[in-house]
Amino acid sequence: MTKNRMPDKAIIGWREWVSFPDLGIDKIKAKVDTGARTSALHAFNIEEFNVNGKHMVRFKIHPLQKDNDFIVICEAAVIDVREVTDSGGHCEKRFVIETFITIGNDTFSIEATLTDRDTMKFRMLLGRTALENNFIVDSSKSYVLSKI
Amino acid sequence: MLLKQFIFILLITSGVSGQAVASEMITIGWLENVRIDDSEYRLKAKIDTGADNSSINAEDVIEFSKEGEQWVKFSLRNAWNKHYSITKPVIKTTRIKMKNGNVQQRFVIELEVRLGKISKLVKVNLVDRSHFKYQLLIGRSFLGPQFLVDSSRTFTVTD
């Protein structure tokens, strides 16, 4: 049993405020989810378009959980289109984008799938791939790194 | 002789440091082997900081009444295809709203789940996880303030 924590990894709680500088999202509440491999963003009105042959998506986000009037319009490059199985066992085709995320003092690039499931309580899920190099999770705490 | 003494000192010191870290948090991976109810029965568990509670894949669930109380009998099957039968009183019946909008009825029982040297009595939802890779999902109510989860690692606990 490992009793020493990795000194180079910061501890985060199971909920954190994060931001996406390139998407224009100053703050969005993320659920830190070691049960999910890939991160997911709750997006709607997802449209594909092309810029000089580059596959892009435009989508809208309600970054604030209880404020559906506040919408941020985002654009990002599509790096993949993937079949994703949710916890109910349903398969869905989703766009995967790559963008920068800021958590605490760290800004790094992550991959996130876009999903328009309305039933998602959190607008952002932070999965294992995004966590593994930078953080370990203390699930008894929330908003450990958030300064917003 | 010298070697014997050395081992003795090593045992003493490791025992002392073991005590000293008892109150510290233990870092585990996102997959771990756990044992159930004091038995040697092993299950692969997914450690899920996104889930409030724990749930387990229960097969052949039979609900029955014993001295006026609601009980369930069910069977577990692990990754090594071994079965294990459990009979427990039902603590609670919850209605879970699924992502597709359907409502599912779930029995909640209490299980002793052991991870390495720590054992906890934890409420577990009986569900159909047959289409999932891992039979047991461990949520935050088990992890509490004792465990940290490092999602870059798996099966860090040996016993």
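Hi everyone, this is a short tour of a two-chain model, going from chain A to the contact between the chains and then into chain B.

Please keep in mind throughout that this is a predicted model. Its overall scores are an ipTM of 0.84 and a pTM of 0.81.

Let's start with chain A. Its secondary structure comes to one helix and 11 strands. If you follow the elements from the N terminus, they read β-β-β-β-β-β-β-β-β-β-α-β. The radius of gyration of chain A is 15 Å, close to the 15 Å that the globule rule gives for 148 residues, so this chain is as compact as a globular protein of that length. Along its principal axes, the C-alpha trace of chain A spans about 50 × 30 × 30 Å.

How much of chain A is buried? Buried residues make up 32% of its 148 residues. As for contacts in chain A between residues at least 6 apart in sequence, 57% of them join residues at least 24 apart.

To make that concrete, let me pick one residue, Ser39(A). You will find it in strand β4 of chain A, which covers residues 39-42. Is Ser39(A) buried or exposed? It has 23 other C-beta atoms within 10 Å, and because the cut-off for buried is 20 or more, Ser39(A) is buried. Leaving aside neighbours within four places in sequence, Ser39(A) is in contact with seven residues that I'll read out: Ile110(A), Glu111(A), Ala112(A), Leu125(A), Leu126(A), Gly127(A) and Ala130(A). On the other hand, Ser39(A) and Ser146(A), 107 residues apart in sequence, are 18 Å apart in space, C-alpha to C-alpha.

Now to the place where the two chains meet. Here, 30 residues of chain A are in contact with 29 residues of chain B. Which elements of chain A supply at least two residues each to that side? They are β3 (25-32), α1 (128-131) and β11 (135-138). Of these, β11(A) gives the most, with three residues. By class, the side of chain A that touches chain B has 10 nonpolar, 11 polar and nine charged residues.

That strand, β11(A), also pairs across the chains. Two bridges join β11(A) to strand β12 of chain B, residues 147-149, and the two strands run antiparallel. If you want a spot to zoom in on, Val137(A) stands opposite Val149(B).

Just along from there is another residue worth a look, Ser152(B), in the segment after β12 of chain B. Not counting residues up to four places away in sequence, Ser152(B) touches Glu132(A) and Asn133(A). Within its own chain, Ser152(B) is 123 residues along from Gly29(B), yet their C-alpha atoms are separated by 6.9 Å. Ser152(B) counts as partly exposed, with 16 C-beta neighbours inside 10 Å.

Let's move into chain B itself, beginning with confidence. The mean pLDDT of chain B is 85, and 85% of its residues reach 70 or more. Over residues 6-22 of chain B, though, the pLDDT is below 50, and beyond near neighbours in sequence this stretch has one contact in the model.

A good strand to look at in chain B is β4, residues 54-57, which is covered on both faces. Ser54(B) and Ile56(B) are buried on one side, and Ser55(B) and Asn57(B) are buried on the other. What does β4(B) pair with? Four bridges join it to β10(B), residues 118-127, in parallel, and there Ser54(B) stands opposite Val124(B). Two bridges join β4(B) to β11(B), residues 136-138, and that pair runs antiparallel. In that pairing, Ile56(B) stands opposite Leu136(B).

I'll finish with two aspartates and their backbone angles. Asp37(B) has a phi near 50 degrees, a positive value in a residue other than glycine. Asp60(B) also has a positive phi, of about 50 degrees, although it is not a glycine.

Where do these two sit? Asp37(B) is in the loop between β2 (31-36) and β3 (42-47) of chain B, whereas Asp60(B) is in strand β5, residues 59-66. Asp37(B) is partly exposed, with 15 other C-beta atoms within 10 Å. Asp60(B) has 10 C-beta neighbours inside 10 Å and counts as exposed.

That's the tour, and thanks for listening!

Technical notes: Residues numbered from 1 in each chain as written. Chains lettered and ligands numbered in written order. Predicted model: local features only at pLDDT ≥ 70, side-chain atom pairs only at ≥ 80, totals over all residues. Buried ≥ 20, exposed ≤ 12 C-beta atoms within 10 Å, placed from the backbone. Pairing = 2+ DSSP bridges. Contact = placed C-beta atoms within 7 Å. Nonpolar A, V, L, I, M, F, W, Y, C, P; charged D, E, K, R; others polar. Rg over C-alpha atoms; globule rule 2.2 N^0.38 Å. pLDDT = per-residue confidence, 0-100.
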